[in-house]
Every structure is written in C-alpha cells, then in structure tokens.
Number of protein chains: 2
Amino acid sequence: MLPNGAAGDHPLALLMRRWTMRSSLSASDRDALASLALTRRSVQRGAYIVHEGEAVTHCSVLISGFVARQKLVNTGNRQIVAIHLPGELVDAQNLLLDRADDSVQSIGQSEVAMIPKSAILDLIATRPEIGRAIWLDTIIDASITREWVVNLGRRDARARIAHLLCELYLRLQAIGQCPSGQCMLPLSQEQIADCMGLTPVHVNRVLQMLRADGLIALRAHRLTILDWAQLTQVGDFDGRYLHDRIRA
Amino acid sequence: MLPNGAAGDHPLALLMRRWTMRSSLSASDRDALASLALTRRSVQRGAYIVHEGEAVTHCSVLISGFVARQKLVNTGNRQIVAIHLPGELVDAQNLLLDRADDSVQSIGQSEVAMIPKSAILDLIATRPEIGRAIWLDTIIDASITREWVVNLGRRDARARIAHLLCELYLRLQAIGQCPSGQCMLPLSQEQIADCMGLTPVHVNRVLQMLRADGLIALRAHRLTILDWAQLTQVGDFDGRYLHDRIRA
DNA sequence: CGTTAATTTGAGACCATTCAATTTCGGTGG
DNA sequence: CCACCGAAATTGAATGGTCTCAAATTAACG
C-alpha cells in the first residue's frame, strides 16, 4: 500500500483528478498543468513551508502528508486556521497577495510541489479554466473556514471535535485515504486543540468521552468512525459546506 | 451629509473606487461595469438577501447599510461569519457555487444592487481583470474570516470585541465613513455577540469595561475610538490581514 | 406617550482552563 | 533485546471566564 497516499505518477495527479471530477478541466488543460516546471520538496515534520509576513514567490501543492495553516496571537498561543490534505493548494491566496498572512507548517513528514507564482499566472492568462479552478478552490477553502468560525463560535468542545473528525474523515475519503472505514490522522491532541480553540488537556478528556460513547476509535494516529450517524449528530455536521471536497 | 454613505452617483461607485485604487481596473472595464444591468433593491432591517441552501441566480453589491452573513446551529443559535459594508459583494462566492451555504441578512435598512450571475460571468469571460478583481475580493474576505477564526479560537471576550471594533473602524474609514474619528455602527450588542461567539449579556459587560477604561465611546449606534493605541493592543490587532480594505 | 426592543444588573452554575504530576508511547543506542 | 529518552497522552484538583436565567431599566419609534 502507498504510504501517505502519494497516488498516481505525476506530483499533481490528485489535484488534477479533483479538478477533472469537478468537470472544469479539459485534456489540454491537464497537459499544460502536467508540464509545469515544479520543484518537488520533502518537508520535515514541524518545518515551515510559508512564513507569515514574508514575500511569497511560489505556490505549493501538497503531494503527501498533512499541513496546517496557522497564526500566532500575542500570548504566544497558536490558532490553526486550516488543515490541508494531499492534492490541495496550501496557499492559493498568495497567488494574488504579495505577503503571506499566515504560516504553513508541516504536520509529520510531507511532500510539496512548489510552482513559481509567475508560471501559474502565465498559465491562467491563456487558460482561464485553470484560473477558474484555482478560484473555486479558494472559494471552497473559504467555505470551510466559515464553518470553522461557526464551530468555534457556537459549538461546545464535544461538538467541535466531533465536527472536525467528520470533516477530515470525509475529505480523506474523497482522496481515497479511508480504506475500510479507517484513516490516518497524524494530528496530535495538541494540534486538534489548536484547531478548535481548546487546550490539549480538554481535548484529551473529550476524546475519551467520544471513545467511551462508542463513536470513534483513535489510537496511534489511526481514526476509526464507529458510529457515523451519532458522530454527525453530536457534531451538528452537514457536509454540504465541503462542496467538491467530498466523495471519492 | 450623506446618510449611510451612499457615495457617488452610480450604485457601484464604491465598488469601482475600491477596485480602481487597487489599480486593477481600466477605464474601459469601469465603463463595462457601469453599464451592467442591475436591479436596485431596498432591504428592510432584518430582511434576508440570500437564504442558506437556496439556489442563487444573482450576486449582490451592497450600496448602503450593513449586512451580516450567518449560519444557524442545531441549538438554534446564530453565528455571524462576516459583516459586509457598502461597496462590497455580499456573496461573491455564489458566482461559482450553485447553492448558498450561508444566509445574508440586512442589519438595519440597506440597499443592494442585484446583478444576474450570468451577466457577471459573461463580463468576466471578455474582461479577465474584472474576474481578477472579484477573485481578489473573495481572497480578502477569506483572509478576514481566518482572522475571525483566530479571534474566536484564541482570544478572550475583551480582546475579541476590541479586535472587532478595530476592524470595522478601519474598514469604515476606508470607505470614508469615519468623519472626525467617529463612525456609525448599527450592530446591536446581540449582533456583536453573534459575531464573536458570546452572549449579549457578556458583550454588555465587556463594552462597559472598554468604556470604563477610556478606550471607546459607543452609544446610539455611534462608535468613537478614544484610544486607538490601547484598543489595538487590547485586541491584539494588526490590520495587515485587511489588505486593501483599509485606508481612505 | 405608549409599546416594544435593546441595554443593564445580579447571582449562581458550568464548561473549560491552569498547573502539576504521572503514565504511556515511539524511537534510539547500547 | 532491553534500557533509555523525549514527546505525547492521561489524570487530578482548583480556579476562572463565560453562560444561564431572571428581572429591572433605558432607549427607540410611531
């Protein structure tokens, strides 16, 4: 089995598969994408791909692994604002912005394909469908971020964590990383806490509740959903906000 | 003085001014925008402009007033995910999505210009700069939403509210609605609570603290910043995430 | 000037935090 | 193969920020 789901031969295979299923990409567009000059880079666990405030010259597509977009507050605490999975652009918004307004950090080991912004912008100029695909990606990312706002603002810890697990499970399923109802979930409890605005201690207690209630199994970075119906109910989860980031 | 800042003659004047200052719009693009067929609509306080889950055929530009984008959770509570000010597209993401994933409700009375999605998409097809401008708007909206995630996740009530007031003050200033250091802020304490994931009762207590500390005056929907330096410090506020939504 | 919405106040309960200390886990070297 | 190590997970007890539920007061509006 493939570790980390580096599916397909081409580094951008997952990205192109997603865009193609959305039916917004011709074969010729695919060829153009496939011949983009890109730098493949292996990123160590905890290493940064983008630094907040820095000028950005490249955009990165995640090939394998998990990465977190995050910001720091003045108390030194961290808030994760997005989790990105393989096949996603980790900083699409930087295409049109000069400076990164958040940092991107690798969770565990990961691989990215770095593409110069200018190369993508040139491609878009002649192939509007590719620009449209990236734009739609930024729109779906924004939809997910808004659901996180709802999560953080109006759901308690139990619902928040259940909701996050539902979301990641569906998004992993969409890229074929949930064989037999299980998926790898390399997030530590501290990282879950930084996603959901909680402390690691409380995340630990809530996860124990979810396990005790028979909703999930989570051990050694392996998540199993034991009762999807109840988990979605606890998390007040309705996956429509994911748009095309669902279903294989 | 103009009520609600309906500046300029054309309904889209504020929008075009913003895009022009960003220097991404030619005079010919402006003319094309100005001759768009649009329906001007007056919206009563509390009325809905977009309903979550519904098919969307038009996009709306806010001409005057304030509107809130929001979602409901299963407890019946509301979370506001964005506040839109005059000159902004209130549902740009619906251009590329079939169904609205949040509702848009008017705060106080407002006016919008409704434009058929097809008209905008046609315009974009021949004038990529306009598509680029809308795309950049969605990107900046997403940046603001991410900052809200940080606010909700990692700041206490006092910092959250201070931060929100700083943001709205700068955004109002950018559209010339802060003569002499004051601005209209038609949000009720309950709506501030729904923005920041708090209860109206607690918002009330925090606002009293901010007033007692001499940071703000807020009465009758009129906000005055008394100590910008301290307010930004309390709110851990750095306006760079607003990108071009700042400065007049 | 009456009616309704919005703001304000108080007291008690609760969810999540803080601060430690302990245990388990995954990886490494002897 | 086992001892060791740092990181992650787990547990406990006390604190605290925010909520809940009323009730009272003030402001907005026709």
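**Exercise 1. Placing D137(A)**

Find the helix of chain A that holds D137(A), then decide whether this residue is buried or exposed and describe its surroundings.

*Solution.*
Step 1. D137(A) sits in helix α4 of chain A, which covers residues 128-154. Keep in mind as you work that this is a predicted model.

Step 2. Next, look at accessibility. The relative accessibility of D137(A) is 2%, and buried means under 20%, so D137(A) counts as buried.

Step 3. Now list its contacts, setting aside neighbours within four places in sequence. D137(A) then touches L15(A), R18(A), W19(A), R22(A), L89(A) and R245(A).

Step 4. Pick out the polar contact with R22(A): the two side chains come to 2.4 Å.

Step 5. For a sense of distance, turn to H221(A). Its C-alpha is 27 Å from that of D137(A), and the two residues are 84 apart in sequence.

**Exercise 2. Salt bridges within chain A and between chains**

Work through three salt bridges, those of R127(A) with D29(A), K71(B) with E147(A) and R158(A) with D213(A), and say which parts each one links.

*Solution.*
Step 1. A general idea helps to begin with: side chains of opposite charge can pair when their charged atoms come close. Over all chains, the count of salt bridges is 40.

Step 2. Take R127(A) and D29(A), whose side chains meet at 2.8 Å, N to O. R127(A) is in the loop between α3 (117-126) and α4 of chain A, while D29(A) is in helix α2 (residues 27-34) of chain A; the pair links distant parts of the chain, 98 residues apart. R127(A) counts as partly exposed at 24% relative accessibility, whereas D29(A) is buried at 7%.

Step 3. Move on to K71(B) and E147(A), a salt bridge of 2.6 Å, N to O. This pair joins two chains, because K71(B) belongs to strand β3 (residues 58-72) of chain B and E147(A) to helix α4 of chain A. K71(B) is buried, with a relative accessible area of 5%, and E147(A) is buried at 6% relative accessibility.

Step 4. Finish with R158(A) and D213(A), which meet at 2.9 Å, N to O. R158(A) is in helix α5 (residues 157-174) of chain A and D213(A) in the loop between α7 and β7 (216-219) of chain A, so the bridge ties together parts 55 residues apart in sequence. R158(A) is partly exposed, at 23% relative accessible area, and D213(A) is partly exposed as well, at 40%.

Step 5. Now come back to D137(A). Salt bridges with shared partners join R18(A), R22(A), E88(A), D137(A), D141(A), E167(A), R171(A), D244(A) and R245(A) into one network.

**Exercise 3. An aromatic cluster**

Classify the ring pairs Y169(A) with W228(A) and F237(A) with Y241(A), and describe how buried these residues are.

*Solution.*
Step 1. Over all chains, the structure has seven aromatic pairs. In one of them, the rings of Y169(A) and W228(A) are 5.7 Å apart centre to centre with 40 degrees between the planes, and the pair is tilted.

Step 2. Y169(A) lies in helix α5 of chain A and W228(A) in helix α8 (residues 228-234) of chain A, so this pair ties together parts 59 residues apart in sequence. Y169(A) counts as buried at 8% relative accessibility, and W228(A) as partly exposed at 31%.

Step 3. For F237(A) and Y241(A), the centres are 5.9 Å apart and the planes make 75 degrees, an edge-to-face pair. F237(A) is buried at 12% relative accessibility, and Y241(A) is buried at 3%.

Step 4. Put the pairs together: Y169(A), W228(A), F237(A) and Y241(A) form one aromatic cluster.

**Exercise 4. The surface near DNA strand C**

Describe the protein surface near DNA strand C by its helices, its residue classes and its phosphate contacts.

*Solution.*
Step 1. Start with the helices. α7 (200-212) of chain A, α6 (189-196) of chain B and α7 (200-212) of chain B each supply at least two residues. The most come from α7(B), with five residues.

Step 2. Sort the residues by class: five are nonpolar, seven polar and seven charged. Among the 19 residues around the strand, A157(A), T199(A), Q189(B), N204(B) and Q208(B) come nearest.

Step 3. Ask what part of the DNA is met. Of the atoms of DNA strand C within 4 Å of the protein, 72% belong to sugar or phosphate, and the rest belong to bases.

Step 4. Check the phosphate oxygens. An N or O atom in the side chain of T199(A) is 2.8 Å from one, and an N or O atom in the side chain of Q189(B) is 2.6 Å from one. For R211(B), a polar side-chain atom lies 3.3 Å from a phosphate oxygen of DNA strand C.

Methods: Residues numbered from 1 in each chain as written. Chains lettered and ligands numbered in written order. Predicted model: local features only at pLDDT ≥ 70, side-chain atom pairs only at ≥ 80, totals over all residues. Heavy atoms only, no water. Near = heavy atom within 4 Å. Polar contact = N/O pair within 3.5 Å; in protein donor to acceptor, adjacent residues only side chain to side chain. Helix = DSSP H or I, 4+ residues; strand = E, 2+ residues; numbered from the N terminus. Nonpolar A, V, L, I, M, F, W, Y, C, P; charged D, E, K, R; others polar. Buried < 20%, exposed > 50% of the residue type's maximum accessible area, 1.4 Å probe, protein only. Contact = heavy atoms within 4.5 Å. Salt bridge = Lys/Arg side-chain N within 4 Å of Asp/Glu carboxyl O. Phe/Tyr/Trp six-rings, centres within 6.5 Å; stacked < 30°, edge-to-face > 60°.
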